[in-house]
Amino acid sequence: MSLIEVLVSMALTLALSGTILSLVGAGQTLARTQPERADLQQRARVALQVLGAELRDAGAGSDGAPASGPLNGSFPPIAPSPGGGITVWRAVGGVAQGTLAIAAAPSATLLTLADSPICAPGQGACGFSAGATVLALAPGGCRAAVRVASAVADMLQLAGPAGCALDAGAIAVEGVAHTYFLDPATRQLMRRDESSGSVAPVLDGVTAFSIVFFSDAEGAAAIAGSSDADLIHARRVRLTLRLTPSNPLLRIPDLEMVVDAVPRNLQGG
Amino acid sequence: MAILSSLVAAVLLTCLGMSLVLLGSAATALSAHDAQGTAAAYEAQAAAMLAASEVRVRPDWSGVWSAGVPADVSAAPGRLADATFFPRAPWDGSSIDLHALTTARQAESDGALPPGVAGPVWRLFEYGPISRLVPSDPSGHARYVVVWVADGRGGVVLLHATAFGAAGVRASVEASVGLRPGAAAPSRLAIRSVP
């Protein structure tokens, strides 16, 4: 083998090795970043699923007699909460619904329910069970989410007071009141159950969370005010979240996602 | 030497490529299943809305929740009523037993009630392939929808719509129709997804 042949073969080997190494390097970068990108997409999917499901059924009200219809007949079931989050109210349906037979003071922990077509006479609380959340709603006034300690005959024993006065005829229905808010310290989207006060993380790596309300389903007319009188007209809600990768060294850009919902219970009959 | 390094690099690249393909295919499968579930949920909602709009305009609801022939079918069913109670599944041609589905619906409803509470009696109201409602793209909507109706008592009609699809995909929506306080005509009271 001559010197020229050795040099040519070495040059070819070096060129080939260089090409292969650069390909391996690119492959390794891909292998490092793609799981992170996939994780970002999965978190966006979870956010869409959780918040979408919550907003989809927001405002569903009592459908037992006396029928009351959607919650936005009396208050905004999607409303901003202190700290920049949103609180979403909905009744879950089923047989746990009725009306108060006797007015209850804000400190009362016992609700007496009137007879209803669902339950036998004198058994107005028949659909409720311990541990459920009861939404106590007085049109244009009190709204409270309280945990049921026990349900016997026509009595609902609450785990705590409703906190506002309820007239006779106010609605008591099993439901859910959740508040979603951003914890800037942990960069997590949190969910608080308003009946128990328990807080749990929903999503990691969230750096921004904002809400816009619209008074039309098309999203053309944003609602400027934040009072109940303004927000009761909300027909469309737009939530914007900014998700950030868990490893900042990978230089993957943040993912901004928008949950644009037209809650079906807020659109009228 | 060159051949050896080429082989090592080829093996490495193959491993990396395969792991990326696996990651991609898992994400694709998840995404496809998610899309199927979402489509089924919207189709169940469409079926519930269709049934609600039909019920709203009927002057008398007693026929809606009364027993027809056979007894698990409404005496006055909706317009989306198939010709058979054992239709072919739009996704693979297998048989769907609507009577068995109705029995399962009733058992599920009864099972969710507290002891001593008499629950609603569910009857078939609308049942057919959703493609009948979207004839322009039947292959894109290979699902079968069923809407059951029940007397919610106190002048309320309860509706339960389920869309069935391939690979066990199913999504359900509940709705109710009745008179809101102060309203002159019946309207939809509530609509909600069933977990």
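## Chain A at a glance

Of the 269 residues in chain A, 37% count as buried, meaning that 20 or more other C-beta atoms, placed from the backbone, lie within 10 Å of a residue's own (exposed is 12 or fewer, and partly exposed is in between). This is a predicted model, where local features need pLDDT of at least 70 and side-chain atom pairs count only at pLDDT 80 or more, while totals for chains, interfaces and linings use all residues. As for labels, residues are numbered from 1 along each chain as its sequence is written, and chains are lettered from A and ligands numbered from 1 in the order in which they are written.

Chain A has two helices and 13 strands; these are DSSP runs numbered from the N terminus, with helices being H or I of at least four residues and strands being E of at least two. Its radius of gyration is 27 Å, well over the 18 Å that the globule rule gives for 269 residues, so chain A is more spread out than a compact globule. That radius is taken over C-alpha atoms, and the rule is 2.2 Å times the number of residues to the power 0.38. The C-alpha trace spans about 110 × 40 × 30 Å along its principal axes.

## Strand E2, covered on both faces

Strand E2 of chain A takes in residues 85–91, and seven of its seven residues are buried. On one side sit A:Gly85, A:Thr87, A:Trp89 and A:Ala91, on the other A:Ile86, A:Val88 and A:Arg90, so to speak a cover on both faces. E2(A) is joined to strand E1 (residues 78–81) by four bridges, running antiparallel; two strands pair if DSSP finds at least two bridges between them. These two strands make a hairpin with three residues between them, and A:Gly83 in the turn has a positive phi of about 100°.

Six bridges, again antiparallel, link E2(A) to strand E8 (residues 171–183). A:Ile86 has a partner in each of these strands: A:Pro80 stands opposite it in E1(A), and A:Tyr180 does so in E8(A).

## A closer look at A:Val88

A:Val88 lies in strand E2 of chain A and counts as buried because it has 24 C-beta neighbours inside 10 Å. Leaving aside neighbours within four places in sequence, A:Val88 is in contact with A:Glu54, A:Leu55, A:Ala58, A:Pro77, A:Ile78 and A:His178; contact means that the C-beta atoms, placed from the backbone, lie within 7 Å. A:Val176 is 88 residues away from A:Val88 in sequence, yet their C-alpha atoms are 7.9 Å apart.

## The three-stranded sheet

Chain A also has an open antiparallel sheet in the order E11-E12-E13. Its edge strands are E11 (206–214) and E13 (255–261), each pairing on one side only. Strand E12 (residues 236–243) and E13(A) pair over seven bridges, with A:Glu256 in E13(A) as the bridge partner of A:Arg242. Helix H1 (residues 3–56) of chain A packs on this sheet, touching E12 and E13, and its direction makes about 20° with that of E13(A). Such angles run from 0 to 180 degrees between N-to-C directions, with axes fitted to C-alpha atoms, for helices over the stretch in contact.

## Where chain B comes in

Chain B puts 36 residues in contact with 40 residues of chain A. H1(B) gives the most to chain B's side, with 12 residues.

Definitions and conventions
Contact = placed C-beta atoms within 7 Å.
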